[in-house]
Amino acid sequence: MATLLNPEKANNDIITSENHIARLEASSKSGLKLDKQGLPLIPQPSDHPDDPLTFSRWFKVYIAVLVSGLAFMAQLGSALINPAFRQMAKDLHVTVEQASYSTTVFILFGGVLSMFIVPFANVYGRRICYIIFIIIAVAGAFISAAAPTYGGVITGRVFNGIGGSVPLGIGAATICDLFSQGERGLYMGFYTLAVTNGPHIAPIAGGYIAEKLGWRWCFWIPGIIQAAMWFVLLFTLPETLYSRKDYSTLERKTYSQKLLFHGKILERKVHPRDFLGSLRMARYAAVLLPSIWYMTANTYGSALYAVTSSQLAATVFHFDLEQTGLFMGVPLSIGCVIGEATAGWVSDAILNAYAKRHNGYRKPEVRLYLIPLTTLLAVGTATYGYCIQTRKHWIDASVCMAISGLGTQVGTTMVYTYATDSYKPQSGEIGAVINLFKSIFAFNIGFYALPFGMKAGFDAAFSTLAAINLVLLLPLVLLVWKGEEIREWQGAPKDHADI
């Protein structure tokens, strides 16, 4: 086949149409590994048994499901308490707003800490980070559940957020370790659906748990489930960190031996400058612009409902605790599931169709063709505010939430796949940047969402937030046409380009 990539360069460089064609001409006789459609796999799998790209299909799917499950439980645990803020505030003698900080502190620490984990994950491996931090998350959940004071609950939530930062920060990197570019969208979609829908499923269960068992079980239950998952990953999760240049410390070890702690997986140093590696990735337009838009998408398409719906469901629709949980969770969950049904696999299909027409070249900007669907986020959020302000039926408000959830989920998958396709070796740092932007921006929503709505009117307030999201979508539209040129002009990051 004449349309083939050079195996070594395909793993390391930014790929643009010009240098891609040059490679095809220079490597027409090289024996590359192809996918089912006859297109070159990027990155090229090696013949080494430790290369996660060579794992069996079902084993890779299992790992992706496990990592997505860990991310889902981190997000579920963060928001399970949301419908019970009133109950919690009464028992601890604090305000409902203060009770809501138990969620926002999780969001903040879960976003910031992931930046400091990535440098270790790129040297000591992904596996040990999951093992250490998931058990910290479990401890934090149990501390919050048992704490007799408000301060104790918040302290536990800090550690819960720190532990939850790992699957939220390096989960995308693990998916990139396992799957080549042409199939990555589908599995990244599973992961992002877990990340997005965790906070949406949480209030559905949280309302019933708080009503029947008490609000403290909103901490006990996720902690118990995470503890069970910790034992599963301890005995089954393999190391997915793999260098396409250097040997690892796992050479010539059995599978059971590889599950033990080996110190460094790759023989390289962790430098102080590495802890700024995630922030350095923010200088690249293909990372910065999607991250800025996504922080508003997650906040105004998901977190906004989490911090306001408990109050609005009680005052506008006069729902009880169980009904509030259903109202907060069901519409957004349905919207996100529908959104993912039109996101990950569709993104892969569009990308591969483009590659067939362009000599096997998979242009990352093709992932951005999903942009029109993301505008549904703003439509849903604006019309939801109108329904609240004019006291429309709760069904009307629920439909608007579902529409917003659909746009949010499509945008989440689009952002993660586009940014990691652009700079796959730095996918860990990219995941940390996205998580940082998202968490810090969402952290503040609890301070201004309800006051803004009550002062300006929820129709005007939510329409304003929706407009902000739409305006920040315009730079992504620019990337559709100029993204490739910008990436080529900015050059490729040199940090651990062999991963």
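This note goes through the cores, ring pairs, largest pocket and selected loop residues of a predicted model.

1. Ground rules. Local features here need pLDDT of at least 70, side-chain atom pairs count only at pLDDT 80 or more, and totals for chains, interfaces and linings use all residues. Residues are numbered from 1 along each chain as its sequence is written, and side-chain values use heavy atoms, with hydrogens and water left out.

2. Main core. The largest nonpolar core has 91 residues. Such a core is a set of buried Ala, Val, Leu, Ile, Met, Phe, Trp, Tyr and Cys residues joined through side-chain atoms within 4.5 Å. Buried means under 20% relative accessible area, exposed means over 50%, and partly exposed lies in between (1.4 Å probe, protein chains only). Among the residues with the most contacts inside this core are Ile 81, Tyr 130, Trp 215 and Met 414. Helix α3 (residues 57-79) gives the most to this core, with 11 residues. Helices are DSSP runs of H or I, at least four residues, numbered from the N terminus.

3. Second core. Apart from the largest core lies another, of 25 residues. Tyr 305, Phe 319, Leu 332 and Cys 387 are among its members.

4. Tyr 191. This residue also ranks with those having the most contacts inside the largest core. What does Tyr 191 touch, leaving out residues up to four places away in sequence? The partners are Val 67, Ser 68, Ala 71, Pro 167, Leu 168, Gly 171, Ala 172, Ile 175 and Tyr 416. Contact means heavy atoms within 4.5 Å.

5. Ring pairs. The whole structure holds 23 aromatic pairs. Rings of Phe, Tyr and Trp (its six-membered ring) pair if their centres lie within 6.5 Å; planes under 30 degrees apart count as stacked, over 60 as edge-to-face and the rest as tilted. Phe 55 and Phe 59 make a tilted pair, 5.4 Å centre to centre, with 45 degrees between the planes. Phe 55 is buried at 14% relative accessibility, whereas Phe 59 is partly exposed at 24%.

6. A long-range pair. Phe 142 and Trp 220 have ring centres 5.4 Å apart and planes at 40 degrees, so this pair is tilted. Phe 142 sits in helix α7 (residues 126-146) and Trp 220 in helix α10 (residues 217-236), 78 residues apart. Phe 142 is partly exposed at 29%. Trp 220 is partly exposed at 28%.

7. Ring cluster. Tyr 305, Tyr 384, Phe 458 and Phe 462 are linked by ring pairs into a cluster.

8. Largest pocket. It encloses about 510 Å³ of space. The lining has 23 residues; closest to the pocket centre are Asp 35, Leu 41, Arg 57, Ser 180 and Glu 183. Helices α3, α9 (181-212) and α15 (344-357) each give two or more residues to the lining. On a 1 Å grid over the protein atoms alone, a pocket is an open set of points where a 1.4 Å probe fits, with protein on both sides within 12 Å along at least five of seven lines; lining residues have an atom within 4 Å of a point. Grid points are joined across faces, edges and corners, and the volume is the space filled by probe spheres set on the points.

9. Positive phi. His 318 is not a glycine, yet its phi is about 60 degrees. His 318 lies in the loop between α13 (285-315) and α14 (321-341) and is exposed at 63%. Asn 359 has a phi near 55 degrees. Asn 359 belongs to the loop between α15 and α16 (371-374) and is partly exposed at 37%.
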